[in-house]
Amino acid sequence: MHLNPYGDGAVNLAADLANRRPGTPEELAERCDAAGLVLEGPLCQADLDRTLALLDTWEGVVDAPDERQRAERLNRLLAVTASHPRLTDHADGGWHLHYRDDHLPLAAVLSSLIAVGTAFHLVGRGMHRLGRCAVTECPTIFADTTRTGRRRYCSQKCANRDAVRRHRTTRARTDAART
Ligand SMILES: [Zn+2]
Ligand SMILES: [Zn+2]
């Protein structure tokens, strides 16, 4: 995975991993692979542990109460995961930017990708475009990459659930008004 200027791939991967935490290094590798992130070598238990710790910090960015705190939390994460940008052509994809040193452990590569990708997503699309599903009992995190930026639910299923609930509340109120 190369970071594109909007960071979608990386921020969506972070949300996917945070929503359903991988249980083994093999599972983490498979999930990265499915997201198009090619890892140069096998992952070990330490990579998994570091990635899970990163996801805890990243969830703090998701749950920040306002934009300024979101920026501060992400800046702290960038400070420990990213370094100065550098041009590289290590892969077949041609010249691209890395925001990290070469030859780092895979967990560090993943951390830098997630932090920088999230930063690109938020400044490119809008600081509010990261959060949890509007259904109270649903803790699912999503990055809003829609055109309008007004996505509220993690899935169509949750959107329908909420619509049915709102309909029932309205009807109950109308019925109460009639009696
Ligand atoms: Zn690269
Ligand atoms: Zn949901």
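The following exercises, each with a worked solution, concern a predicted model of one protein.

**Exercise 1. Overall architecture**

Determine how many helices and strands the protein has, and in which pattern they follow one another.

Solution. The secondary structure amounts to six helices and four strands. Read along the sequence, these elements follow the pattern α-α-α-α-β-β-α-β-β-α. The dimensions come next: along its principal axes, the C-alpha trace spans about 75 × 30 × 30 Å. Burial is then assessed: of the 179 residues in the protein, 25% are buried. Finally, among contacts between residues at least 6 apart in sequence, 54% join residues at least 24 apart.

**Exercise 2. The helix α6**

Establish how the reach of helix α6 (residues 156–178) relates to the expected value, and how many of its residues are buried.

Solution. Helix α6 has 23 residues. At 1.5 Å a residue, 33 Å is expected, and the distance from the first C-alpha of α6 to its last is close to this, at 33 Å. For burial, the criterion is 20 or more other C-beta atoms within 10 Å. The count of buried residues in α6 is zero, and the helix is thus hardly covered.

**Exercise 3. The packing of α1 and α3**

Describe the geometry of helix α1 (residues 8–19) relative to helix α3 (residues 45–62), and identify the residues in contact.

Solution. Two packed helices are described by the angle between their axes and the distance between the axes. Here the axes of α1 and α3 come within 10 Å and cross at roughly 110°. Because angles of 65 to 115 degrees count as roughly perpendicular, α1 is roughly perpendicular to α3. On the α1 side, the contact is made by Ala 14, Leu 17 and Ala 18; on the α3 side, by Leu 55, Trp 58 and Glu 59. By class, the contact has five nonpolar residues, one charged residue and no polar residues.

**Exercise 4. The environment of Arg 68**

Decide whether Arg 68 is buried or exposed, and state how far it lies from Met 127 in sequence and in space.

Solution. Arg 68 is located in helix α4 (residues 67–81). The residue has 10 C-beta neighbours inside 10 Å, and therefore counts as exposed. Arg 68 and Met 127 are 59 residues apart in sequence, whereas their C-alpha atoms are 9.2 Å apart in space.

**Exercise 5. An annotated segment**

State which residues the UniProt annotation "transmembrane region" covers, and give the secondary structure of the chain there.

Solution. In the unreviewed UniProt entry, this annotation covers residues 104–123. Over residues 104–123 the chain is 90% helix and 0% strand. The end C-alpha atoms of this stretch are 27 Å apart.

Terms used. Residues are numbered from 1 along each chain as its sequence is written. Chains are lettered from A and ligands numbered from 1 in the order in which they are written. This is a predicted model: local features need pLDDT of at least 70, side-chain atom pairs count only at pLDDT 80 or more; totals for chains, interfaces and linings use all residues. UniProt positions are given in the numbering used here, feature names are shortened, and annotations may be inferred rather than shown by experiment. Helices (H or I, at least four residues) and strands (E, at least two) are DSSP runs, numbered from the N terminus. A residue is buried if 20 or more other C-beta atoms lie within 10 Å of its own, exposed if 12 or fewer, and partly exposed in between; C-beta atoms are placed from the backbone. Two residues are in contact if their C-beta atoms, placed from the backbone, lie within 7 Å. The expected span of a helix is 1.5 Å times one less than its number of residues. Axes are lines fitted to C-alpha atoms, for helices over the stretch in contact, and angles run from 0 to 180 degrees between N-to-C directions. Angles under 35 degrees count as roughly parallel, over 145 as roughly antiparallel, 65 to 115 as roughly perpendicular and the rest as oblique. Ala, Val, Leu, Ile, Met, Phe, Trp, Tyr, Cys and Pro count as nonpolar, Asp, Glu, Lys and Arg as charged, and the others, Gly among them, as polar.
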